[in-house]
Every structure is written in structure tokens, then in C-alpha cells.
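Visitor: I would like to go through this model with you and ask, term by term, what justifies the words used for it.

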Amino acid sequence: MRTLTDISRDSAKARREQQDANKGDGPLARDTTAEANRDENRRHARAHESAIKHVTGRAAYIDDIPAPGDALHVALGLSPVAHGRLTRLDLERVKRAPGVVDAITIVDVPGHTDIGPVFPGDPLFVDDEISYVGQTLFAVAATSYKAARLAVKEAVIEIDEQPASLDALAAAEASDVVRPTHVQQRGDWQRALDDAPHVLEGEQFVGGQEHFYLEGQACLVTPSEDEGVVVYTSNQHPSETQKLVAEVLDVPFHAVTVETRRMGGGFGGKETQASPWACIAALVARRTGRAARLRLPRAEDTRATGKRHPFHNRYRLGFDGRGVIQGGDVTVIGDCGYSPDLSEAVVDRAMFHADNAYSLGDARVTGIRARTHTASNTAFRGFGGPQGMMIVEAAMDDIARHVGEDPLTVRKRNLYRPGRDVTHYGQTVEQLDLLAEIIERLEESSDYWQRRRDVSDYNARNPVLKKGLSLTPVKFGISFTAKHLNQAGALLHVYTDGSVMINHGGTEMGQGLHTKVCQVAARELGLDLEQVRITATRTDKVPNTSPTAASSGADLNGMAARDAASQVRERLFDFAAEHYALDREGMRLEDGELIAGHGESERRIAWGELVQAAYLGRISLSAKGFYSTPLIHYDRATGRGRPFYYYAHGAAVSEVMIDTLTGEYRVTRVDILHDVGDSLNPAIDMGQVEGGFIQGMGWLTSEELKWDDKGRLISDGPSTYKIPAFGDLPPVFNVELLQGHPNSQASIYRSKAVGEPPLMLGISVWSALRDALASLVDYRHCPRLDTPATPERVLMVAEALRDSTRAGSTQPETSDDPV
Ligand code: MTE
Ligand code: HPA
Ligand code: MOS
């Protein structure tokens, strides 16, 4: 029998070979973790609970779930226009098409027709007003997928098309917003600006991002007893889907059970936007009494669902001669699409991160939620945080060039520090030395200053190829900013053979949450990981759960699982003390045994025997656990509070080389040091850091969303939308987890959340591109570079900079030269 360690060793070898094959004889991708941490790592660095099933193709996703033979397939009729009135929708020919069993529109919905998750605004089907290309008009259920898709084409649709609003800036200007504007403010920002020796302003456009989960939106719904349904769905928020399905069907919540075993990726795209499909399939299942499958083809998936919010950001900041910010004004405008969805919280999070790791001094931050006629933009790894951080990172580079310092020096001077430790929303930053230490270590390990000199020398000698280097930090707030979501439940059963089953409210999307929760249960009960099993997340096991989001899956559900396991453990201790006449004091569960007493008087009882005896002694071997995060609060009326339980940190150094004649570039080296507190599982955390960084890099470099002037998304698949591939891995990629800094808060085993924060390490690539471009003007200023910084955008900036030097024009004071 091959062990997991054998397999992970084999796969590491295969991966190395693959990397070598891709990279030719380039340097290895990354260093392994330090020798000193090997043993510790071996204990915790466990493979993903489904790793073998993933790589052998045996892990079941929605489409792999067997359905009854008479199951129906659902296809959708989507709006071809971005804005207008639906004047006629005739489905008579659809209903007569071969294989069609049912066809439904808004009038066939017995319950709620609006499924807006937080605020109303998301009709399940278009009633009258059409708001984006890809909005659902109707659904067809047929005996085969093909029959359903062909029948959709038979619909007679008439639309009175109207001009679409596709410009978020113009919408913001016209106060066309999905939610009211919110302001956070500390001190007298106007005076800070007036008094500052230097003032700079800048603007940027930060593009959106398609989730590109490998498994698209998919669900299978079967009718159950009475008026009920069971919903199998690729979904980050089963409890919300349960609520919405029940409301749409007009049945009580307890008639609906939602199950999610795993997703082939979510990345935020299945926090709210997995629900519509489940509601539609549930309608079909209830109306026909047959199981209904609904999965969106990739092109429809990209059109029908929202993406990361594009942002237009602006800053006006005052600073001293050393580049230290005194205060100022920042505005972030999120392009929310047609409805609120999660945009209130997304733009809030952008505002909470407009400082990233730096004190803004006396500052005002304004967040605007612009409405446009596109799909409703939604959660995406970082949840607005990355877009907010981009503005202050732009300012750092601008300010540094203005005062003639290295950007790293200016970044370090602006970090939160004693005396400058309160954010613009009133939260005091703890662990003040941590980021400084991370940056210092990374400066050292990446050889930043020597490479800075090398880059300058290289650029001085080479007129065409230019190198850029940048170190950017991340400080990311951990907790849902909607306070009530910071709660979790778990359910733990010990069976009489000693095997353990744990369930909790979180969902698995590849991030390793289930593995971590199993590790928690195993540790609390002194068992091997193999003795603990997790099954699908189900609303009838753990109710009223929060979405698996905000990186808080392990923090919340790990704690709930720990609570459940410790209840069972304490019960077993009470029982054992009495039954075996043992000393209750100092009892422990270790390596599959209960141990009581020490030395001479030590007694050991095998786990299996203990469980059997407890069962016969009529002791409950099952418990439910619960957790809610302490300390947090935020008052939206005043824009102040402590929204985050703690911050997760990290920093990355990226080096790039650009060809200024073509705009093409490569990321040649990346060094990362990331803070996960005391890691729950270093193997999984490393994967999250590497994957998050690459996804962040893709967002800011190659992933370009394009709509035509009618509002139709034209980058709707892998041929037109470029996500990073193996070949985009930096040839030198040194990734390390910060050691020796447990969370300062009492999180689960003093670990820190890891899901989202590393995405923002990708900002270093963008900043390095700006650095390379700045060399064209001898670093006198840093050019504006909107994102994604595709080769086209890089080329346009390079050409504009060359033209400006040729014309001998003076450099602009600000960085907002238009591109
Ligand atoms: N990692 C993988 N492999 N797949 C995913 O879909 N989603 C990210 C992150 N890491 C994601 C991922 C997002 S958006 C979040 S919020 C967290 O995982 C959610 O899981 P966690 O809270 O358990 O970290
Ligand atoms: N992060 C992610 N998802 C969320 C949040 C958040 O802060 N609030 C509501 N859903
Ligand atoms: Mo993650 S964007 O919070 O699902």
C-alpha cells in the first residue's frame, strides 16, 4: 500500500520534471522550506483530503453525480441586448420542439421572483426591463441537453432596445448608483492637504476579472417528499441557496436541502451567483416531478455571471520631503454592473484597503457604487480589497519618484508604526513590527539592493530591453465586514468502531478547508487523520451557515469543529474517570489512546475500546460545535470600528523585463514571504500562496475583459481571455511562509487565513512593470499604467514616454498622463 507521503513525493518529482520540461534548463521554480522546519512540516503538511481523487479523476463534481434515468436537462434563453424592454416572449414553438417537457418564464414562479442576495434587484427571469446581455429570459427543460439547447432557438423574442450605460465613470458622475455612497474619514484631510509640503494626484483604471473556475456553474435538483427538493450544487453558500430556492418555490426552508461536496473552483464566483441556476432547476423539478440538471456552457457562464468589479480610483495626497503621507483624499468607484448583489460590501472592502499597509494620515476615503448595464459584479478573491490597494500602491511609486527615492524606501517609511497606527476607519493596527520584519527579511533574501543596482546598470546600458523591480507588501483584513456572517457550526459523530465523521458549514473549492478541519478534529481527539472523514456540506446537517468566503473558512469552521470535538472529548474524560477509576486531572487523548496519570501510575486505554465502553455506558458520542468571532464591530453610520479580527500580511519582490519596442514582457523572478501565523497545513498554505500570487498576476497582466460597444462580452472563453498557464510561472519563484510568528489573536491554533491575501502579492508585478517603464524617463516620474497591463498597454506607455522625452517636454508633476 502506497502512503500519501510516497505519492506526494512522486508528484513533487513529476512536477519538477514538468517544470524543467517547460523551462528548458532554467533555474528551479522554488526553494523548499528551511531544513529547521522539516519535522514540524511533516506533521502538518498533509496532502489534500481529495488529492488522489483529484489527480485520478475520481473526485465527483456536479456533472459526475448519477441522476435518475428520466432526469431533464435545462437550457436557458439569455438576453442578446444590454438594455431594453421585453415586449414579446412567445414560447409556443419552444414547447412543441422535440424532447421538450417544460418551458418557464417569470409568470411560472410561484414564490419570490427577486433573488437579490442582500438587497433586491436580481429578477430570476426578466419580467419587463432587460439590464444586461446574458440576463435570463426563460428556461427550457428537455429529455436531452441537445434538445433543450436546440429548443431555446425556437423562441420568439421582441425587445425594444434602449441605449446601454456602459461607462462606470459617467454613471458615477450622474449619481447612477446601485447603493448609496459611503465615506470613511479620520482627522482634517483638507487641512492635511493644505499644510503638506508636497501634493500629488493620480488616477487609475483597474480592470475586472473573470473567475474562470474549471467547473462552471452547475446543479442537479431532485424532487423529494411532499413539496421538497434536494439541490446538489457547485456552491460557496449552500444556506443562501436553500433560502432562495425555498422562497422561489414558496415552501418552508426545511423542505429544501442543499448539498455541496466540492467545487472545481469558486474564487468568489459561487458566493451568490450559484443560486439562480439552483432556483430554476428546482422550479423544473417541482413542476415536472423529475430530476433536473442545469449547467452553463462556458460562453454563457461568462456572460450570465458577474466578475471582479473594475474600479476607477483617484488620489490626492499630501506628503513631506521624505515622502511620508500626511493626509488627503481617495475615491474608489466600483463598476457594480446592473444590481447591488454584494457590491455594498465589495466597495466597503476596497475602502478598507485603500491604505494597504500604510498610514494615510488624516484622510477621507469615498466609495461609489456605479451602475452599468453589465452582469452584476460580485465577489472575487480579495473582494474589492485588491482594487482598493492598487491606488495607494500607485501613489507609493509616484511619491517615491517625486521625492527622488527608491520606492521601497518610501513604502517602508509609510508603513503603520507606533504613533501612526490607526487606520482611516479607526481600527488600531496590531503586530506593528511584523510587516517591517517581513520586508527586511525579503530585502535580504531576495538581494533587493544589489539587484536594484544591477537593474539600473542594465537599463543604463540597454536602450530597448528594460528591467523593473518592485517590492510590495500586503496587509489584508480578516473577517466578514458584515458582522453577522462571522459565525460557524460543526457536527461531529464518533461511531462505535472509533471512526469519526465531521461536518461543518464551510464548502470545499480546492482550498483545502476540509483537510484542515479534519486535522483539527483529529488533533483534538488524538487520532490519525485517516480516522476522521468529512462528507458533503449539507444544510440539514449544519444549518444557517455563512458563505465560505472572506478567507475565513478555516478560522470559523475550524473553531466550530474544535468546539464539537472538545465537547466529546470532555464527555469521554468524565466517563473514563468514573468507569476506569482514573484521575480526571491531566487526562489526554494522544496517538489513538486515552492516557491518564504520569510515570508509574500512567494508564492507557485504546480509543476503540474507550468508545465502545462509552457507548455501552450510554454516553452521547456526537456533538455540535459553534463559533462566533469576538471583538469585531463596524458602524457604517460613522464609518468607524474594528471590522477585522486581525490582519494577514505578506510581501513579494518581482522582477520583470520588458521589450519597449513591442511591449512584450516576462516576469523573471519572484520572491515571496507570507504570513499565515502558525500554519495549519504548510503544504496547503504554500499552494494557496503560489496560486493566489499567480491569479493576482494574471488579473493585472494578461486577463482582459472586453465588451463591444453594445455591451456584449467578447472575451468569453480561453481563446480570447488569457489566464496564466504553466509557461507564465516565473523561472525563479521562491516562496516561503513566515516562521515563528503565531497570530496575535486567539485564532484556530494561532494560524491565519490564507485564501485571499496572497492574490494581492501580484501587485508587485504591475509595480515592477511601472518601474521598468519609469527607466525610460530616468525615473523622474512613474507613468500611469492601467490594468490589465497587457503588452499593448505597456507598449503605449513606452511610446508615450519616448515621445515626451524626444519632444523635450517637461515631465508632468502628476502621474496621470492619459493612456
Ligand atoms: N483556492 C482554490 N483552490 N479554489 C478556490 O476557489 N477560492 C479563494 C481562496 N482560495 C479558492 C481558493 C477564495 S475567493 C476564498 S474567499 C477562500 O479560498 C475561501 O476558502 P477559505 O475561507 O477556506 O480559505
Ligand atoms: N468578504 C467576502 N465575502 C463577503 C464579505 C466579505 O467581507 N461580506 C459578505 N460576503
Ligand atoms: Mo472569496 S471572494 O471571499 O469567495
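**Reasons behind the terms**

Guide: Bearing in mind that this is a predicted model, let us begin with ligand 2, whose shell is made up, by class, of five nonpolar residues, one polar residue and two charged residues.

Visitor: Which residues around ligand 2 are these?

Guide: They are Glu271, Arg349, Phe383, Phe480, Thr481, Leu485, Ala549 and Ala550. Glu and Arg count as charged, and Phe, Leu and Ala as nonpolar.

Visitor: What makes the pairing of ligand 2 with glutamate 271 a polar contact?

Guide: A polar contact is a pair of N or O atoms within 3.5 Å, and a nitrogen atom of ligand 2 is 2.6 Å from an N or O atom in the side chain of glutamate 271, so the pair meets that cut-off. An oxygen atom of ligand 2 also lies 3.2 Å from an N or O atom in the side chain of arginine 349, and for threonine 481 it is a polar backbone atom that is 3.4 Å from an oxygen atom of the ligand. Of the 260 Å² of accessible area that ligand 2 has on its own, the protein covers 97%.

Visitor: Which residues are closest to ligand 1, and how many surround it?

Guide: Ligand 1 is surrounded by 18 residues, and the closest are Gly266, Phe267, Met509, Gly553 and Gln688. By class, this shell has five nonpolar, eleven polar and two charged residues, and Gly is counted among the polar ones.

Visitor: How do you know that glutamine 688 makes a polar contact with ligand 1?

Guide: A polar side-chain atom of glutamine 688 lies 2.8 Å from a nitrogen atom of ligand 1, and the cut-off is 3.5 Å, so the pair qualifies. An oxygen atom of ligand 1 is 2.7 Å from a polar backbone atom of glycine 553, while the side chain of glutamine 511 has an N or O atom 3.0 Å from an oxygen atom of the ligand. The protein covers 92% of the 520 Å² of accessible area that ligand 1 has on its own.

Visitor: Why are α12 and α20 called roughly parallel?

Guide: Helix α12 (residues 385-403) and helix α20 (residues 763-774) pack at an angle of about 30°, with their axes 11 Å apart. Angles under 35 degrees count as roughly parallel, and α12 and α20 are therefore given that description. Their crossing is right-handed.

Visitor: What is the peptide bond from threonine 787 to proline 788, cis or trans?

Guide: That bond is cis, with omega near 0°, and proline 788 has its place in the loop between α20 and α21 (791-806). Most peptide bonds are trans.

Key:
Residues numbered from 1 in each chain as written. Chains lettered and ligands numbered in written order. Predicted model: local features only at pLDDT ≥ 70, side-chain atom pairs only at ≥ 80, totals over all residues. Heavy atoms only, no water. Near = heavy atom within 4 Å. Polar contact = N/O pair within 3.5 Å; in protein donor to acceptor, adjacent residues only side chain to side chain. Areas by Shrake-Rupley, 256 points an atom, 1.4 Å probe, with all protein chains shown as cover. Axes fitted to C-alpha atoms, helices over the stretch in contact; angles between N-to-C directions. Helix = DSSP H or I, 4+ residues; strand = E, 2+ residues; numbered from the N terminus. Parallel < 35°, antiparallel > 145°, perpendicular 65-115°, else oblique. Left-handed = near helix turned anticlockwise from the far one by under 90°.
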